[in-house]
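Work through the exercises below with the sequence and the model open. Each task is followed by a solution in steps.

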Amino acid sequence: MTASLPLVPWPASVEPREGTLPFAALYLVSQAPDVWTALAAELFEPLGVVVSGGETVAAVRAGWPRPDAGGARPDDVRRRRP
Amino acid sequence: MVLVQTTFDGAARDQESFTLEVHEHGVTLTAARPAGLLHALRTLRQLVTAEHTVPFVVVRDTPRYAWRGLSLDVVRHWHGPETIRRVIDLLGMYKLRVLHLHLTDDQGWRLQIPSHPELTERSGGTQVGGRVPAGERGYLTVEEFRELQEYAAARFIDVVPEIDLPGHTNAATYACPELVPGGEATAPYHGTEVGFSRLWADNPATVPWIRDVLADVAATTSGRFVHVGGDEAPALDTAEYTRLVETACDAVRAHGKTPVAWQEAAVTAVEPGTLLQFWDPRADPEPLLRAAAAGARFVMSPASHAYLDMKYDAAHPLGLEWIGYVEVRDSYDWDPGDAIPGLPASAVEGVSAALWTETLATPEHLFAMLLPRLPALAEVAWTSRRSREWESFRTRLAGQARLWDAEGWAWHPSPQVQWPDR
């Protein structure tokens with residue numbers, strides 16, 4: 001267990017890795033963006049994080065991949081999962 | 001801008017489990033069901049630093065108990081829909097799934113009952129000390145209760161209404177004189193004593209009234225559970241108590257719901273699946289063990305750990321102290337599996353904090369008692385016993401204060417935690 005990650009409640013499994021991701025703004029890809037983008041905004045906007053979102057196709061239409069996303073497209077992210 | 005990708009994985013273990021991966025290309029959230037996906041988003045939120053970065057990490061998670069909740073008294077002092085929504089937001093932040101609303105007691109009646117509108121017409125506006133604040137109605141209409149449940153359901157939180165009987169009933173006997181032998185209504189009650197009020201089993205009006213009220217409550221409840229109280233009824237003998245609690249549980253089941261009752265109901269003929277809420281560690285455990293053998297399941301709210309209306313210490317201006325003081329570590333350092341000696345671990349349904357409001361009149365009062373102790377109980381309910389450790393928890397808890405401040409929530413700076421400078 002590491003207390004360096006401020007997670008409450010503590011999860012079943014945590015594997016810290018080297019590095020950090022800039023997180024001033026997020027684009028949430030979901031199957032129901034009217035629901036999930038609103039929930040994400042409720043969670044993240046009080047922290048000053050800008051939230052937008054859409055379905056996978058809409059994400060591509062919105063300009064993904066972007067340079068600051070490391071060249072990844074939404075579909076790439078899905079394919080990289082084991 | 002960071003890409004956060006959500007996916008559903010049917011192979012995941014249950015509806016609340018999830019995986020969160022933060023990597024160089026963005027964030028991937030995977031869950032079997034929407035509830036797990038929202039837990040993943042909430043976990044991600046806790047990882048956001050003040051500098052707007054998130055560490056690379058892989059989190060795989062699933063809860064220990066399904067019932068992780070808060071029992072909230074909105075009777076002793078009225079707390080309306082807007083405050084309840086903020087409490088639901090807080091429950092969500094710590095992955096709690098149940099909001100149990102204590103809606104009736106000696107001091108007031110907080111839910112409109114279509115078959116007995118006099119309950120809220122006469123007892124909706126009373127509370128400890130007199131009347132609810134000017135401009136407040138003092139109760140939830142049926143429509144407001146539906147809207148609250150919808151707000152909670154959108155965050156995967158169930159609302160469990162409680163109609164407390166056969167004790168804690170002065171608001172009912174004030175509003176409905178037919179419930180009193182002789183037909184003379186009791187006087188309204190604005191104090192904080194318990195144990196004096198009652199229903200009468202032999203009164204012909206009592207059982208039909210119980211059935212009417214619980215039918216209306218069941219009809220307006222979207223979740224599985226209706227709480228029928230059953231606590232602190234010393235004015236009734238065991239036979240009368242048993243008859244009325246069993247009537248209430250039968251009425252709840254007749255409308256397709258599962259009854260929940262306080263631990264005193266263990267002396268009744270408990271049916272399998274009934275939930276009993278354990279609150280008083282001073283009580284004889286034998287009836288509880290017999291109820292467990294009959295198939296009852298237990299929600300653990302031991303007052304010495306989970307009653308968040310207890311003062312943090314002698315100097316704290318809010319709260320009560322009948323079970324002693326409850327500091328953050330008291331809320332953290334216990335295990336639900338040990339709460340009732342001899343109870344099989346398989347009989348534990350989960351954990352509920354409880355917040356009674358005899359001394360808590362404002363939203364700031366509520367949040368200052370909930371924070372920082374509610375996150376401690378949330379971890380007790382979610383995290384396995386072997387993965388919990390106080391020193392780690394208190395360090396992680398300190399990191400939560402920034403989130404509470406961002407929401408504008410009041411919180412108590414317990415000296416047991418080294419808080420960051422504000």
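The exercises concern helices, buried residues, ring pairs and backbone geometry in a predicted model.

**Exercise 1. Helix α6 of chain B**

Describe how α6(B) packs against α7(B), and determine which residues of α6(B) are buried.

Solution.

Step 1. Locate the helices. Helix α6 of chain B covers residues 206–219, and helix α7 of chain B covers residues 238–254.

Step 2. Check the length of α6(B). At 1.5 Å a residue its 14 residues should span 20 Å, and the end C-alpha atoms are 20 Å apart, so the two values agree.

Step 3. Describe the packing. Two packed helices are described by the angle between their axes and the distance between the axes. Here the axes come within 9 Å and cross at roughly 35°. The crossing of α6(B) with α7(B) is right-handed.

Step 4. List the contact residues. From α6(B) they are B:T206, B:V207, B:I210, B:R211 and B:L214; from α7(B) they are B:L244, B:T247, B:A248, B:A251 and B:V252. By class, seven residues of this contact are nonpolar, two are polar and one is charged.

Step 5. Assess burial, with under 20% relative accessible area as the cut-off. Ten of the 14 residues of α6(B) are buried, and the helix is mostly covered. The buried residues are B:T206, B:V207, B:W209, B:I210, B:V213, B:L214, B:A215, B:D216, B:V217 and B:A218.

Step 6. Identify the cover. Besides α7, it includes α3 (118–123), β9 (158–165), α5 (170–175) and β10 (225–229) of chain B.

**Exercise 2. Helix α4 of chain B**

Find which elements the buried residues of α4(B) pack against.

Solution.

Step 1. Helix α4 of chain B runs over residues 142–153. Its twelve residues reach 16 Å from first C-alpha to last, close to the 16 Å expected at 1.5 Å a residue.

Step 2. The buried residues of α4(B) are B:V142, B:E144, B:F145, B:L148, B:Q149, B:Y151 and B:A152.

Step 3. These buried residues pack against α1 (33–44) of chain A, and also against α2 (81–93), β6 (98–102) and β9 of chain B.

**Exercise 3. Aromatic pairs**

Classify the ring pair B:Y332 and B:F393, then the pair B:W404 and B:W411.

Solution.

Step 1. The whole structure holds 17 aromatic pairs over all chains.

Step 2. The ring centres of B:Y332 and B:F393 are 4.3 Å apart and the planes lie at 15°, so this pair is stacked.

Step 3. B:Y332 belongs to helix α10 (residues 328–332) of chain B and B:F393 to helix α13 (residues 390–398) of chain B, so the pair ties together parts 61 residues apart in sequence.

Step 4. Check accessibility. B:Y332 is at 1% and counts as buried; B:F393, at 0%, is buried.

Step 5. For B:W404 and B:W411 the centre-to-centre value is 5.4 Å with 65° between the planes, and the pair is edge-to-face. Both residues are buried.

Step 6. Ring pairs also link B:W262, B:W279, B:Y307, B:W322 and B:W356 into a cluster.

**Exercise 4. Two buried residues**

Give the surroundings of B:A306 and of B:W409, leaving out residues within four places in sequence.

Solution.

Step 1. B:A306 lies in helix α9 (residues 303–306) of chain B and is buried, with a relative accessible area of 0%.

Step 2. B:A306 touches B:S301, B:S352, B:A353, B:A354 and B:L377.

Step 3. B:W409 sits in the segment after α14 (401–407) of chain B. Its relative accessible area is 7%, so B:W409 is buried.

Step 4. The contacts of B:W409 are B:R86, B:D89, B:L90, B:M93, B:F367, B:L371 and B:W404.

**Exercise 5. Backbone geometry**

Which peptide bonds are cis at A:P9 and B:P372, and where do B:F156 and B:E232, with positive phi, lie?

Solution.

Step 1. Recall the background. Most residues other than glycine have a negative phi, and most peptide bonds are trans.

Step 2. A cis bond joins A:V8 and A:P9, with omega about 0°. A:P9 is in the segment before β1 (13–22) of chain A.

Step 3. The bond from B:L371 to B:P372 is cis, with omega near 15°. B:P372 lies in the loop between α11 (363–370) and α12 (373–382) of chain B.

Step 4. B:F156 has phi near 60° and is found in the loop between α4 and β9 of chain B. At 22% relative accessibility, B:F156 counts as partly exposed.

Step 5. B:E232 has a phi of about 45° and lies in the loop between β10 and α7 of chain B. At 24% relative accessibility, B:E232 counts as partly exposed.

Note on methods. Residues numbered from 1 in each chain as written. Chains lettered and ligands numbered in written order. Predicted model: local features only at pLDDT ≥ 70, side-chain atom pairs only at ≥ 80, totals over all residues. Heavy atoms only, no water. Axes fitted to C-alpha atoms, helices over the stretch in contact; angles between N-to-C directions. Helix = DSSP H or I, 4+ residues; strand = E, 2+ residues; numbered from the N terminus. Left-handed = near helix turned anticlockwise from the far one by under 90°. Contact = heavy atoms within 4.5 Å. Nonpolar A, V, L, I, M, F, W, Y, C, P; charged D, E, K, R; others polar. Expected span 1.5 Å × (residues − 1). Buried < 20%, exposed > 50% of the residue type's maximum accessible area, 1.4 Å probe, protein only. Phe/Tyr/Trp six-rings, centres within 6.5 Å; stacked < 30°, edge-to-face > 60°.
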